[in-house]
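Student: I have a model open on my screen and would like to talk through its charged side chains. Could you help me read it?

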Amino acid sequence: VGLARAPRDVPLSERTLMSDDMHREMMRQKWEEEEEEMMENPTGPIHYQTVRHDEIRSHGVGYFQFSKDETERQQQLEELNRLRNQTLSQREKREKLKAKR
């Protein structure tokens with residue numbers, strides 16, 4: 001017997017046994033800490049992932065959650081581009097085979 005998941009329309013305070021005001025205050029404090037850290041350690045360009053602050057949003061199938069660390073982010077982008085190029089070349093080969101038939 002497992003625990004049933006609370007539906008999304010149930011208020012946060014009933015799902016977590018925490019008042020909505022308390023949750024908002026905790027999120028505000030976390031946001032302030034993240035903003036102070038960003039001010040103390042500027043790392044270069046600001047990306048969407050840097051400013052999301054744990055918001056709950058459905059991004060769909062085409063969304064990639066890249067790292068906040070710039071070097072790791074670049075590695076992820078390079079890997080994504082490599083996979084994209086591989087897909088394009090395989091698609092092109094498939095189209096050529098299809099055209100020969």
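Student: Which residues are linked in a network of salt bridges?

Tutor: Happy to help, and do keep in mind that this is a predicted model. Arg28 pairs with Glu25, with the closest N and O atoms 2.4 Å apart. The side chain of Arg28 also meets that of Glu32 in a salt bridge, again at 2.4 Å from N to O. Arg28 takes part in both pairs, and the linked residues are Glu25, Arg28 and Glu32.

Student: Where do Glu32 and Arg28 lie, and how many residues apart are they?

Tutor: Both Glu32 and Arg28 belong to helix 2, with about one turn of the helix between them. On the other side of the network, Arg28 and Glu25 are also in helix 2, three residues apart. For Glu32 and Arg28, the spacing is four residues.

Student: Is Arg28 buried, partly exposed or exposed?

Tutor: The class in between runs from the 20% limit for buried to the 50% limit for exposed. Arg28 has a relative accessibility of 35%, so it falls in that class. Its partners are there too: Glu25 has 31% and Glu32 has 33%. For Arg28, the answer is partly exposed.

Student: How far apart are the closest N and O atoms of Asp21 and Arg24?

Tutor: Side chains of opposite charge can pair when their charged atoms come close. Asp21 and Arg24 are three residues apart in helix 2 (residues 20-40), so about one helical turn separates them. Asp21 is exposed at 56% relative accessible area, and Arg24 is exposed at 52%. They form a salt bridge, and the closest N and O atoms are apart by 2.7 Å.

Student: How many salt bridges does the structure hold?

Tutor: We have met several by name, among them Asp21 with Arg24 and Glu32 with Arg28. For the structure, the count is five.

Student: Let's turn to a loop. Is Ser67 buried or exposed?

Tutor: Ser67 sits in the loop between helix 3 (48-51) and helix 4 (70-100). Buried means under 20% relative accessible area. Ser67 has 15%, so it counts as buried.

Student: Which backbone nitrogen does the side chain of Ser67 reach?

Tutor: Leaving aside neighbours within four places in sequence, Ser67 is in contact with Glu72, Arg73 and Gln76. The backbone nitrogen you ask about is reached by the Ser67 side chain at 3.0 Å, and it belongs to Asp69.

Notes
Residues are numbered from 1 along each chain as its sequence is written. This is a predicted model: local features need pLDDT of at least 70, side-chain atom pairs count only at pLDDT 80 or more; totals for chains, interfaces and linings use all residues. Side-chain values use heavy atoms; hydrogens and water are left out. Helices (H or I, at least four residues) and strands (E, at least two) are DSSP runs, numbered from the N terminus. Buried means under 20% relative accessible area, exposed over 50%, partly exposed in between (1.4 Å probe, protein chains only). A polar contact is a pair of N or O atoms within 3.5 Å; within protein, one must be able to donate a hydrogen and the other to accept it, and residues adjacent in sequence count only if both atoms are side-chain atoms. Contact means heavy atoms within 4.5 Å. A salt bridge is a side-chain nitrogen of Lys or Arg within 4 Å of a carboxyl oxygen of Asp or Glu.
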